[in-house]
Structures are given as C-alpha cells and as structure tokens.
Protein chains: 2
Amino acid sequence: MNAQNETAKSASGKLGADLLLDSLYDGGARICFANPGTTELGLVSALARDGRLRCVLSLFEGVCTGAADGYARVSGEVPLTLLHLGPGFANGIANLHNARRAGSRIVNLIGDHATWHLAYDAPLTSDIHSLAQPVSREVIYLGKPEAITDGVSQAFAATNEAEGGAATLIFPTDVVDAPAPADFKPVELAAYQPAPVSDDVVQSAAAVLAEPGETIILLGGNALDEEGIQAGASLAAALGGRLLMEPYPAIVTLGGDLPMVERQAYFPDDVIAQMGDARVVLAGARMPISYFGYEGWPSQLVPEDRLVRLAEPGQDAVAALRALVDQLGGSPAPEPAPTPPASSPEPAAALTAASIVEELLVQLPEDAVISLEGSSMGGPWLKNAHRAPRHRVMTNTGGAIGQGLPCAVGAALAQPDARIISLQSDGSAQYTLQALWTMAREGLKITVIIAANHRYAILQTELSRADVPLDDAVVANLTKLDHPKVDWVALAQGYGVEAVRATTNGELASALRHGLTLDGPLLIQAELP
Amino acid sequence: MNAQNETAKSASGKLGADLLLDSLYDGGARICFANPGTTELGLVSALARDGRLRCVLSLFEGVCTGAADGYARVSGEVPLTLLHLGPGFANGIANLHNARRAGSRIVNLIGDHATWHLAYDAPLTSDIHSLAQPVSREVIYLGKPEAITDGVSQAFAATNEAEGGAATLIFPTDVVDAPAPADFKPVELAAYQPAPVSDDVVQSAAAVLAEPGETIILLGGNALDEEGIQAGASLAAALGGRLLMEPYPAIVTLGGDLPMVERQAYFPDDVIAQMGDARVVLAGARMPISYFGYEGWPSQLVPEDRLVRLAEPGQDAVAALRALVDQLGGSPAPEPAPTPPASSPEPAAALTAASIVEELLVQLPEDAVISLEGSSMGGPWLKNAHRAPRHRVMTNTGGAIGQGLPCAVGAALAQPDARIISLQSDGSAQYTLQALWTMAREGLKITVIIAANHRYAILQTELSRADVPLDDAVVANLTKLDHPKVDWVALAQGYGVEAVRATTNGELASALRHGLTLDGPLLIQAELP
C-alpha cells in the first residue's frame, strides 16, 4: 500500500472491489448470478454499497452458470456469475460448457485466497486456473489492484472473440479489499459484433450454387433469428433447396409466419440419409458431424466436396445469406404446405410426448421462450414448432445435462414480460433442480413440464442399438429411475413452487391453462410411458 | 486391430472393457458409484457381463464422488466412480476436492470419445485432463488396449502416494470396445501403508520434549483412530500436555472409554488463544494455519520454533507416537473429568443445536458413524463426542460444501451393519440433495438431521466480524434462505425418503427413536433459530 493509493482511498473512498464493480458495470454487466462464499464477501459488501447490479441467489452453482447462459442467449448482454473458489466454480463448469458451445458471453468472478495466504495450501486451495481454462476464453488473475481495470477490459474483449464465450476473473481477497488505485484506464463498452464474411467467400459460394444440384441451407449462429431464417428461406426457394437448422441451436426463432425449418438429425445414419446427395451450405452452422463416434460410421457426415462453407459460427451469417441472395436472386418462400391446425387431444387419453406437444401448440402464447432439454419432447416440439405462434427455443448446446431449468431462469430474468416454458426430461432435470427455488424466490413466469418417464431413455436407445439387453439387472440398475420414482410435485413444493401431476391430456391442458395465467412458476409432472 | 488381438478375442472372448474391469477388480475395487452416459456404455455392458462389482447409481455426479469418499474413509478400500466425459466429471470435482484433502483412495473412470472422433470437437468434447488434474494424483489416458493394465496399476500406485488420493483413468470408447490384448501384465493388489517415520525424527522430537514446557499433541491422519488416540493420550499424560485433533478429520474415533480430544479452533484469533505458548507436536496433522487469510492475522498460527514435526499426513503417526512413548515413558491417561450423563432435554422446549446434540448423546447406538457437515452442529457435537458411546465421525475436509449426505451414503455401503447419522446444515445439504434418492433406492440405514436455520450462517458470522450490516437488502438477499423456506420434508418425500419435521426436543427425540429402528433412511428437518 503506497502513498498514492492512500490518496486514492481518501479521494475516492473506494476499494478494489468497488473499482471492480464499476468496471464491470461500465463494460455492460447489469446482473450477477451469485453463490458466494467467504472469499467473495468483499465483493458482496461492494455490491451492497453499489446497488446497481441485480443479484440473484441460487442454492447451487450450476443454477448460476446455466441462468447466466440463458440470460445471455435471450438478451445478448453479458451477465456475471459470482462463485466460490475452485470447488464452487467446479459446480458451475457443466453449464459453462454448454454456454461455451452456445457462444454465450459471460464474465465469471471467482474469489480466491489472499495472495499472501495461497502458499499455505489451506483446505479450499486448488488449481482454479486448470479448472476454469476448459470453459473460458481467458482466465485472468487480478494479482494487484492496478490490474483490475485492464483485467476487466481483457475479459470483455475475450467474450467478443469468434462466436463469444465466457471469460473468468479470479480476484484474491487482499486485492479487492485494498484501496483502489488512483490512476486507471476506465473500461469501455465493447458490444459484440459477428465478424463479416468476405466478398470472396460469398462469390465462390455463389459460383458453386449457380451450378444445378440439390441444395440444403444449414442455418446456425445468428442465422437462426427471424432475419436469418427469412434470408435462408428466400435462398432455398430460389435454389429449390431445403432449409435446415443445426441440431442444437443456442436460440432459434420459430413459428408464426416463418417457414418450417427442418432440424438436423441425431444419429449418423439418420443424418446421412437426411443429407442425401445434396450440397450443404453452412450458414453459421458447424459441418454435420456425429454426436458420438460409432464404429463403422464416419465422424464427418457430409464429404468435404459437398460442403459450401459460407459463414463460420461467429461470422455474420445473416449478412452473408443476404449477399448470396443478391448474387443469385432470391425467391419469396413458397406458401408453407397446409398443416393441420392444433387442437386439444382427447382429454381422457393418457399423455404421450406427441399429445403434450399438441396441447402446447394450442395454448402457447405469442413471443414465449421455450427452454428445451431432453429427447422426450425436444424432437417432437421442433418437428411441430412452425405450427405455433412466433416463439424462441433454446436447446442444450453442449450436451452437459442440467441446462434446461437454469436456462429458463435466465430467460425469465432477461425478458420478464415473456412467458417461459421449460420442456424438460426428468433425468436431466435432476442435475440442477435447485433452480426451482430461484424460480419461486424471484417469482418467475415459468411453466415447467417435466416429461416423467423415470428412466435415462437416451441410454436405453443407445444400448438397444448396440444389442445390449435392457432387462439385464446391472443395465436396468444403471438406466431405470423407477425405484423409487421421483415425485416431482413434492420436490417442487419443497422449493415453494406450485405443482401438479398430469396423467391424461385433459389434466395437462387444465394445468397448462392455469400455469400460463400465474405470475410465478408452476411445475407439471407429466407422466409418460 | 492386428492379428494378435483377433486371436486374443477369439481366445479369451474379452474386450478392452472386460480387461479394464478385471484389472480394477484385481487391484481391489469392489464397488462402483456410477452416473454413466453414452461414452461409458461399453463399460456398463462389461459390468453386466462381469457381475462382480456392486454398482450404485446416483442422480448427480457429486453424489457418486462424495459417496466414494465416504466409502474409502470407512472401509480403507478403493471404490470406483464412473462418470460421463468432462462435464459429468466436473459435477463430481467438488467432492473429489474433499476426498483429496481426506486422502481417500479412489479410482475415477471417465469415458471419452473414440480416439478417431476427438479431432471433430463434438459437442461434449472438452479438456478432461485440465479438469481432472487438480483433484487427481495422476490422470491417465488409456490410448490403446495395450495400455489398460499398466494404466490401472499406475492408478492404484498413485492412490498410494503420500496420504493417498484419487487417480483418474480416461478410457476412449474405441479402446474399451476393441478386443483385449493377449499379452498383458496383470494388476497386483497394492495395499496402502503409511510411510514410516524415521528413528532420527522420533529421537529429535524426544529430545525437544524432554525439556520442560507446555505441550499440545495435535493428532491427524491415522493417529485419529483408537490406537492413535490412546498413544497420544498416553504421551500427553506423561508430558502433562493436552490432546487436540486437527479441525477437519477425515475420520476420527471418539467416545466410549476414549479420552476427550479437543478440536483445533477455526478463526485465527481463537486458534492462537487455544495454542497459547505451548509446543505443538504434529502427529499426522498439518501445522495450524488460518482457514482463510484475514488482514492483520498470520497464515501460520504457531511459530516454526514451537512446532515439533513428528509425523506428516501420510506417515505412520501411530507408530511414531508409540515410539515416542517408548522413549519418554508414557503414562496411563488420567481418569477423564466426570461429565454430566446425557439426558433428554425438556420435551416442550424449542430445539437448539445444543439440545439436538444432547438428545443424540442419549440415543446414539454403539459403533455408529456420524457424517458431520456444517458449523451449526459440527462444533457442538465434537465438543461433546467423548460423552457418547464409541463412534466414528467424518467431517468436511476440503470445505467444498455438499459433502455430508453423499459421504453418509458411502459410509452406509461400506459398513451396512452400522447406523449412520448425518448431522447436516441446510445450506450445504442443497448441493447434493440427490443423495436422498440413493439412500431410498439402496435402503440405507441413515438418519439425516437437517439443521434448518434457513441461512448461510457461516457467511453471516464472517460478515459480522467485518462489521457489514446483515440487514442490508443485498447482503440479506445473498445470505438468507428464508424466501421461500425450503421444505426438507417435501424434498425427502420427493425422493422416497420418509421424513418428519421437528420443532421441539420432544418431537426430535421421538423422530430419532423412530429413525434408529428403520431398515432404511429417515430425514428429520430440525427447525433452528
């Protein structure tokens, strides 16, 4: 602590923690998903003094990081997480993995031991950098108060690289408890802009596509918003091609007067059949690959010579599509084939995934946001989403399960006027069920539909494909969740969330109608075969 | 795949996965705490074919790793965990951090993408090594079938280093799906032995202690078993000194005819006062340091010239203590000061931490194992444990919260004839509450007492010490859990665990009596002020 800093303290009265918050605020942060511990209390005090950032508490860190992801997807803004040392951060890694795949811009804050205490290897000491690196574009250690503002600028800059992602700031307690330095370079807001696609790339794509041939336009990244889908549809119509979306969009706009967008399939054999012999235009999407490696099937599902690489994830695929339409001439998308209007399924019949989707098509309010996790309802919904009013859908981008409920929390906070629907498989919901408490605490307008089939259905599907008998005792023990069956109504009530169980279409319809009027959350346990 | 391997397959009919399991079994593994995904299904099939290892499923990976920790502490054997890729493993890191601090010997198994699929950066691809390194003595990648047996031997050897710890094996799907090699070096059982303390060290400790002076014997590691405590007590009696235990024992034997062992305090000022001017003999314990770094207080709480370094953690502190007693002459431990016999507190009075402890002293069965997490009941119990029948206590060694319930699961599986008591704070219980489902599923004789004070009490204590007002809106929002109050009875019932709420001593006494007769779990929500 030198004389200059003492001056700064008396001049500004601010500590490192205050400067850290000022810098984060200047960089655009307005909300903090927090689960602090002792090493974060200096920042908690500063948050209290400052009062400008909304703080949202969760009972588990995976809720914080998943909520930050959902908030970033829906708002495009940069939320903060505040987590406790290495182990607390570790609990948030799975959903930061999903956020990385979604390109969600997030700044993680982790309190660390005082710099002078680290060498003593106290119980909570661990290699935070090693833990954070796999899910962070950059991991920045704020080793002294003078490093705070540059570190924050660097963190925001890192979130703007390529398609975005999280940056992680580690702040030792003595650094945020020290007086803020008098001289610093203030942080400037640096909004994210996808990188432009060069004219050359557009030209050469146009040259390829001018030749006759079957064509698929595969949308991803920013091409999954309204403008991108319209540009893609116009191009597809001009070329007589098909419009597809990447299999796990971060956020996609669907329904209303938008054309149907077919989703890329999951298993490699299905994807290969789906792609046929078409040329595949990659418009913000990664090339089709197999989700897992299966013996006898390739990883890359469309040969290189059939790929037309228009826009990488993180590039401006919308502008590139429009430029391509300008080159090739677009056509108005053809009138969509008439689809059966949604109507409530037979009330007395037992629920199925299809009947839940049908009822939701009937009731979904305009401009809802759907958080989709799990195969039970994910596929059926995305096959039918074009029949619904305009809405947005978030999916599990990285495959780390436990993403859906927290993502719904973040979406509700980003857009409080929207109705959020969480279409959620029961197995994956368990990983971050503590999100229900935050829904109740914050009074979020989320209707959760738990597809309760009481098993890890995806594992059973994979095992069946590999001819493994599902009724073997060990196999059943590791894939069936029916002993005991989880009672989601009780769990929700334990967290203060109103809940109801539905076994028939009528019960679901009635519960859904009730949920969509509530000024807070409702959980529906939908019993599936 | 070469000709030799084809021969091996036809000769033995075994795949890499079978050889992996054989090797783990030969190394001593008998139980596997599992939460598998697609990349682990080859091993799941092999587990089904083999049938020798007990598989215990959890709904969240932190339950698997915490249960493995508890199992290792109670049994001294090496359990397995089976987790899904980087994100699934990440969910288990927090409790592996605690296991590392406990020196628990564990082998983690993580399925990875096929070697030939990795380069395609599929959604679930991540840097598993970077995630695993901070909580693993070694991270071993089984890059080909020929690497399996040596890798397993190396993993068990790594768990035997110093005081023990976890080793992590990463197995790509194509390696375990390939035929097992014909030639391999079988894995041999390598039991853990703490390293001996040299005679020189004992001699020089004896020389120091032969001088008059106040003395504290600080027990840790293997000196916290019955033999260690008796040897420590004998030495303390001979020197007129005091007997202390490290603040967070992995497992300690207490009660019955064992002398009282004072626990090292938490805050630095309290530890300094507790240690006074005494020489501190480190018998398997780390030197006293501050849990966190506090401005104005040292990290090291006993100056170097007052430390007598007899046995490091991982060394045989029991043998060293006995050798020292041989040198200096031991004395029979003095008759313990008479303590008031436990008696049930006033039935109509409201519960307090002290009254819960008092009732548990009355009812605790012989040879119970207590899993202790949280400050609400941890301190009060350890102050009074000498008044109970002989029992063992596990504590949170690494400070990563969410350890208590899973550790109780592992203890119950390691010692099915023992009654397990989980004395658990409510805040920390939330991080791995899914353990309740495994308790119900496996019918474990665990009685959980949740100290429900609906706040992060430790944070409030820390903030009060720093003069931060607890009623500030932001501070209260980040430390109070009373909006809504979690209903633990409902949560337990949601997982199929019988549960009851107690607000008075009489209600608690009656619930505890009931729980201790059950052939399965009971949860008691004990409402505290």
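Here is a walk through a predicted model with chains A and B, one selection at a time.

**Stop 1: both chains**

Start with everything on screen. Two copies of a chain are related by a rotation about an axis and a shift along it. Here, a turn of 180° with a shift of 0.0 Å along the axis lays chain A on chain B, at an RMSD of 0.0 Å. That is how a two-fold axis relates its copies. The copies also use the same surface, since 99% of the contact residues of chain A recur in chain B.

Now select the residues where the chains touch. You should pick up 79 residues from chain A and 78 residues from chain B. Color the chain A side by class and you get 43 nonpolar, 27 polar and nine charged residues.

**Stop 2: a helix pair in chain A**

Hide chain B and select residues 61-75 and 93-102 of chain A, which are helices α4 and α6. Two packed helices are described by the angle between their axes and the distance between the axes. For α4(A) and α6(A) the angle is about 15° and the axes are 7 Å apart. That angle is why α4(A) counts as roughly parallel to α6(A). As for handedness, their crossing is left-handed.

Which residues meet here? On the α4(A) side, show A:G62, A:T65, A:G66, A:A68, A:D69 and A:R73. Facing them from α6(A) are A:A94, A:N95, A:L96, A:N98, A:A99 and A:A102. Sorted by class, this contact has five nonpolar, five polar and two charged residues.

While you are in this part of the sequence, click on A:L85. This leucine is not a glycine, yet its phi is positive, about 50°. Most residues other than glycine have a negative phi, and most peptide bonds are trans. You'll find A:L85 in helix α5 of chain A, residues 85-90.

**Stop 3: the six-stranded sheet in chain A**

Switch to cartoon view and look for an open sheet of six strands in chain A, with parallel pairing and the order β2-β1-β3-β4-β6-β5. Which strands stand at the edges? They are β2 (54-57) and β5 (138-141) of chain A; each has a single partner strand, so one side of each has no neighbour in the sheet. On average, neighbouring strands of this sheet are turned by 20° against each other, ignoring direction.

Zoom in on the β5 edge. There, β5(A) pairs with β6(A), residues 166-172, in the parallel sense over four bridges. To see one pairing in detail, label A:Y141, which stands opposite A:I170 in β6(A).

**Stop 4: the five-stranded sheet in chain B**

Bring chain B back and find an open, parallel-paired sheet of five strands, ordered β10-β8-β7-β11-β12. Its edge strands, β10 (262-263) and β12 (307-311) of chain B, each pair on one side only.

Next select β7 (residues 215-219) and β11 (residues 279-283) of chain B, a parallel pair joined over five bridges. Label B:L219 and its bridge partner in β11(B), B:A283. Then add helix α11 of chain B, residues 226-239: this helix lies across β7, β8 and β11 of chain B and runs at about 175° to β7(B).

**Stop 5: cis bonds in both chains**

Finish with residues 483 and 484. In chain A, a cis peptide bond joins A:H483 and A:P484, with omega about -10°. A:P484 sits in the loop between α20 (473-479) and α21 (488-494) of chain A. Jump across to chain B, where the bond from B:H483 to B:P484 is cis, with omega near -5°. B:P484 is in the loop between α20 and α21 of chain B.

How values were computed:
Residues numbered from 1 in each chain as written. Chains lettered and ligands numbered in written order. Predicted model: local features only at pLDDT ≥ 70, side-chain atom pairs only at ≥ 80, totals over all residues. Least-squares fit on C-alpha atoms with pLDDT ≥ 70 in both. Contact = placed C-beta atoms within 7 Å. Axes fitted to C-alpha atoms, helices over the stretch in contact; angles between N-to-C directions. Helix = DSSP H or I, 4+ residues; strand = E, 2+ residues; numbered from the N terminus. Parallel < 35°, antiparallel > 145°, perpendicular 65-115°, else oblique. Left-handed = near helix turned anticlockwise from the far one by under 90°. Nonpolar A, V, L, I, M, F, W, Y, C, P; charged D, E, K, R; others polar. Pairing = 2+ DSSP bridges.
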